[in-house]
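Work through the exercises below with the sequence and the coordinates at hand. Each task is followed by a stepwise solution.

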Amino acid sequence: MEQQFIVENIKCSGCCNSIRADLLKIPKVENVSVDIDAGCITITGNPDRNAIVAKLNDMGYPEAGHNTLVKKAKSYVSCAIGKMTKE
C-alpha cells in the first residue's frame, strides 16, 4: 500500500534524510521517498496514517495548510540533523 503526504518546509537533502530516518522507525513503514520540489512524501507499507502525520508535525513538516512559525523552526532543526547524517 502506498500513501502520499503533501507537506510544508522541506528545503533540502538534510530534510529528506531526517524525514526518511524518522519515518522508517514507525511500525509497518517499508520505504520512504521524498520529493523536495513537490513537498511530497510517499510511504510504502501499511502504517497508521495518524502516526505518520504526528511524526511529521513533531519534526516541523506539517501537511500543507497547517504550518506555523514553531513548526517552521522545528524543520530547521530536523534539517540540520539530517545534514549531519549520511544517506
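**Exercise 1: a loop asparagine**

Asn9 is buried, with a relative accessible area of 14%. The model is a predicted one.

Task: Determine where Asn9 is found, which backbone oxygen its side chain reaches, and which residues distant in sequence are in contact with Asn9.

Solution.

Step 1. Asn9 belongs to the loop that runs between strand S1 (2-6) and helix H1 (13-23).

Step 2. The value of 14% is under the 20% cut-off, so Asn9 is classed as buried.

Step 3. From its side chain, a polar contact of 2.8 Å leads to the backbone oxygen of Gly60.

Step 4. With neighbours within four places in sequence left aside, the contacts of Asn9 are Cys15, Gly60, Tyr61, Pro62, Asn67, Lys71, Lys72 and Ser75.

Step 5. The backbone of Asn9 has a phi near 80 degrees, a positive value in a residue other than glycine. Most residues other than glycine have a negative phi.

**Exercise 2: H1 against H3**

Task: Classify the packing of H1 and H3 from the angle between them, then describe the place of Ser18 in H1.

Solution.

Step 1. The axes of H1 and H3 are 7 Å apart, and the packing angle is about 90 degrees.

Step 2. Angles of 65 to 115 degrees count as roughly perpendicular, and H1 and H3 are therefore roughly perpendicular to each other.

Step 3. H1 contributes Gly14, Cys15, Asn17 and Ser18 to the contact, and H3 contributes Ser78, Cys79, Ile81, Gly82 and Lys83.

Step 4. By residue class, the contact of H1 with H3 has 3 nonpolar, 5 polar and 1 charged.

Step 5. Ser18, in helix H1, is buried at a relative accessible area of 6%. Its side chain reaches the backbone oxygen of Ser78 at 2.4 Å. Not counting residues up to four places away in sequence, Ser18 touches Met59, Ser78, Cys79, Ile81 and Gly82.

Step 6. The buried residues of H1 are Gly14, Cys15, Cys16, Asn17, Ser18, Ile19 and Leu23. Their cover includes S2, S3, H2 and H3.

**Exercise 3: H2 against H3**

Task: Find how helix H2 (residues 49-59) and helix H3 (residues 69-84) cross, and place Lys74 in that contact.

Solution.

Step 1. The two axes come within 7 Å and cross at roughly 85 degrees. H2 is thus roughly perpendicular to H3.

Step 2. On the H2 side the contact is made by Asn57, Asp58 and Met59; on the H3 side, by Lys71, Lys74, Ser75 and Ser78.

Step 3. The residues of this contact of H2 with H3 divide into 1 nonpolar, 3 polar and 3 charged.

Step 4. Lys74 sits in helix H3 and counts as partly exposed at 37% relative accessibility. With residues up to four places away in sequence not counted, Lys74 touches Asn57, Asp58, Met59 and Gly60.

**Exercise 4: the nonpolar core**

Task: State how many residues the largest nonpolar core has, which elements give two or more residues to this core, and what Leu56 is in contact with.

Solution.

Step 1. The largest nonpolar core has 20 residues, and those with the most contacts inside it are Ile10, Ile19, Leu23, Ile41, Leu56 and Tyr61.

Step 2. Two or more residues come from each of H1, strand S2 (29-35), strand S3 (40-45) and H2.

Step 3. Leaving aside neighbours within four places in sequence, Leu56 is in contact with Phe5, Val7, Ile19, Leu23, Ile41, Tyr61 and Pro62.

**Exercise 5: distances from Lys28**

Task: Is Lys28 buried or exposed, and how far apart in space are Lys28 and Asp48, and Lys28 and Lys74?

Solution.

Step 1. Lys28 lies in the loop between H1 and S2 and has a positive phi of about 75 degrees, although it is not a glycine.

Step 2. Lys28 counts as exposed, because its relative accessibility of 59% is over 50%.

Step 3. Asp48 is in the loop between S3 and H2 and is partly exposed, with a relative accessible area of 47%. C-alpha to C-alpha, Asp48 and Lys28 are 8.1 Å apart, with their positions 20 residues apart in sequence.

Step 4. Lys74 and Lys28 are 46 residues apart in sequence and 25 Å apart in space, C-alpha to C-alpha.

Definitions and conventions. Residues numbered from 1 in each chain as written. Predicted model: local features only at pLDDT ≥ 70, side-chain atom pairs only at ≥ 80, totals over all residues. Heavy atoms only, no water. Helix = DSSP H or I, 4+ residues; strand = E, 2+ residues; numbered from the N terminus. Buried < 20%, exposed > 50% of the residue type's maximum accessible area, 1.4 Å probe, protein only. Polar contact = N/O pair within 3.5 Å; in protein donor to acceptor, adjacent residues only side chain to side chain. Contact = heavy atoms within 4.5 Å. Axes fitted to C-alpha atoms, helices over the stretch in contact; angles between N-to-C directions. Parallel < 35°, antiparallel > 145°, perpendicular 65-115°, else oblique. Nonpolar A, V, L, I, M, F, W, Y, C, P; charged D, E, K, R; others polar. Core = buried A, V, L, I, M, F, W, Y, C linked by side-chain atoms within 4.5 Å.
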